[in-house]
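Biologist: I'd like to learn how to read a model like this one from the bench side. Could we go through it together, a feature at a time?

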Amino acid sequence: MTDSIKIGTRGSKLALWQAYYIQDLLKAKNIASKIITIETKGDKILDVSIAKIGSKGVFTEEIEEQLLTGTIDIAVHSAKDMQSELPKNFELIAFTEREKVNDVLVSEKETIDLNDSNLVIGTSSTRRIAMLKHYFPKVRTVPVRGNLQTRIKKMQAGECDALLLAYAGMYRMGYSELIKHQFPIETFTPAVGQGSIAIECCTSLDSHKKNIIREAINDSDTEKRLLCERAFLRTLEGGCSNPVFGLARLKDQEISFTGGIVSLDGNEMVRKKLIGPHSDSEKIGTQLAYDVLQAGGAKILTTIKEELKE
């Protein structure tokens, strides 16, 4: 009999939804669990962009401290918030089945014209800002941070006309009726890991616990896709604050991966695609990163790092 699994999570409604979802998956396998909420740096500092705070561990550092002390056994994260390389002694052991990955435009206005120079969109994601500048240069953006409910309140208060968010969060929180536009993944390719929930633990966690957690939660197809995407991100040394995008898709025994980078001003974009056997998912992600770097991505990345320091 396994002891009750202690699940660590941030305290926002969406983070708790994810934790309860994990709890339900464990319960379906007759595994008891309890949820422990933890406040992170990213939750406390809301007046500074993630890029300025520094992307390393902004939503994970405090939670990882609790993993180390054994206060919690596993941590539940949005996979897109995870840095490309985890600190020593930590690992990701499971990824949930992926939700629809698209970015969406959310508004209470009846219609949204992306070619309207008066349109103001709220987002603090460097990738989303850069992509808007690339595809819809007339649009203005303003930084809007906080949990989903806070962002929607800010929009309702007039800080912006619309919000640019992930479909998964809107759907999970029951706000689908506010979605006014869904961006196609062929152009507006999402962040690495978008739409999936990742389970983190200490490498020292009891192997039996790890195995039963993984068996209850992990979706093997999603895992193959995310291992590819995360290998790409890791090779580019891109944190969740960099305008890097990547999406792997599975068909039969093949994995098709599209990834790239866009400059902060939106003027330059490098996008590449690679197809290969899904058994080579990490190799494909790594190779595509080298392809992107050689095609001009290295220069863009250097410029981005300099601009984010300012």
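**Reading the model**

Modeller: Let's start with one residue: leucine 114 counts as buried, because its relative accessibility is 8%. Buried means under 20% relative accessible area, exposed means over 50%, and partly exposed is in between, using a 1.4 Å probe and protein chains only. Before we go on, this is a predicted model, where local features need pLDDT of at least 70, side-chain atom pairs count only at pLDDT 80 or more, and totals for chains, interfaces and linings use all residues. Residues are numbered from 1 along each chain as its sequence is written, and side-chain values use heavy atoms, with hydrogens and water left out.

Biologist: Where is the place of leucine 114, and which residues is leucine 114 in contact with, leaving aside neighbours within four places in sequence?

Modeller: Contact means heavy atoms within 4.5 Å. Leucine 114 is in the loop between β5 (103-106) and β6 (120-122). Setting aside neighbours within four places in sequence, its contacts are Leu105, Leu119, Ile121, Phe136, Val139, His181 and Phe183.

Biologist: How are helices and strands assigned, and how many does the protein chain have?

Modeller: They are DSSP runs numbered from the N terminus: H or I of at least four residues for a helix, E of at least two for a strand. The protein chain has 10 helices and 13 strands.

Biologist: And the overall form? What radius of gyration does the protein chain have?

Modeller: That radius is taken over C-alpha atoms, and the globule rule is 2.2 Å times the number of residues to the power 0.38. For 310 residues a compact globule would come out near 19 Å, and the protein chain has 19 Å, so the two agree. Its C-alpha trace spans about 60 × 45 × 40 Å along the principal axes. Buried residues account for 53% of the 310. Of the contacts between residues at least 6 apart in sequence, 71% join residues at least 24 apart.

Biologist: What about the surface: how much does the protein chain expose?

Modeller: Areas come from the Shrake-Rupley method with a 1.4 Å probe, and for residues only the protein chains shown count as cover. Here about 14200 Å² is exposed, 46% of it from carbon and sulfur atoms.

Biologist: And how far apart are the mean positions of the positive and negative charges?

Modeller: Lys and Arg count as positive, Asp and Glu as negative, while His and the chain ends are not counted. A charge is placed at NZ of Lys, CZ of Arg, CG of Asp or CD of Glu. The protein chain has 42 of each sign, and their mean positions are 1 Å apart.

Biologist: Now the inside. Which residues of the largest nonpolar core touch the most other members?

Modeller: A nonpolar core is a set of buried Ala, Val, Leu, Ile, Met, Phe, Trp, Tyr and Cys residues joined through side-chain atoms within 4.5 Å. The largest has 20 residues, and Cys228, Phe232, Val244, Phe257, Ile261 and Ile304 touch the most other members. At least two residues each come from α9 (220-236), β11 (244-251), β12 (254-262) and α10 (281-309). The largest share, eight residues, is supplied by α10. Apart from this core lies another, of 18 residues, including Ile5, Ala19, Ile22 and Leu26.

Biologist: Back to single residues. Is phenylalanine 90 buried or exposed?

Modeller: Phenylalanine 90 is buried, with a relative accessible area of 11%, and it sits in strand β4. Beyond four places in sequence, it contacts Glu64, Leu67, Leu68, Glu200, Cys201, Cys202 and Thr203. Glutamate 91 is in β4 (residues 90-95) too, but is partly exposed at 24%. With the same four-place neighbours left out, glutamate 91 contacts Leu86, Ile199, Glu200, Cys201, Cys202, Thr203 and Lys210.

Biologist: How do I read a backbone angle? What is the phi of asparagine 89?

Modeller: Asparagine 89 has a positive phi of about 80°, although it is not a glycine. This residue lies in the loop between β3 (74-78) and β4 and is partly exposed at 39%. Aspartate 252 likewise has a positive phi, near 55°, and is not a glycine either. Aspartate 252 lies in the loop between β11 and β12, and at 69% it is exposed.

Biologist: Last one: how far apart in space are serine 220 and threonine 96?

Modeller: Their C-alpha atoms are 8.7 Å apart, with these positions 124 residues apart in sequence numbering. Serine 220 lies in helix α9 and is partly exposed at 40%. By contrast, 37 Å separates the C-alpha atoms of leucine 114 and serine 220, which are 106 residues apart along the chain.
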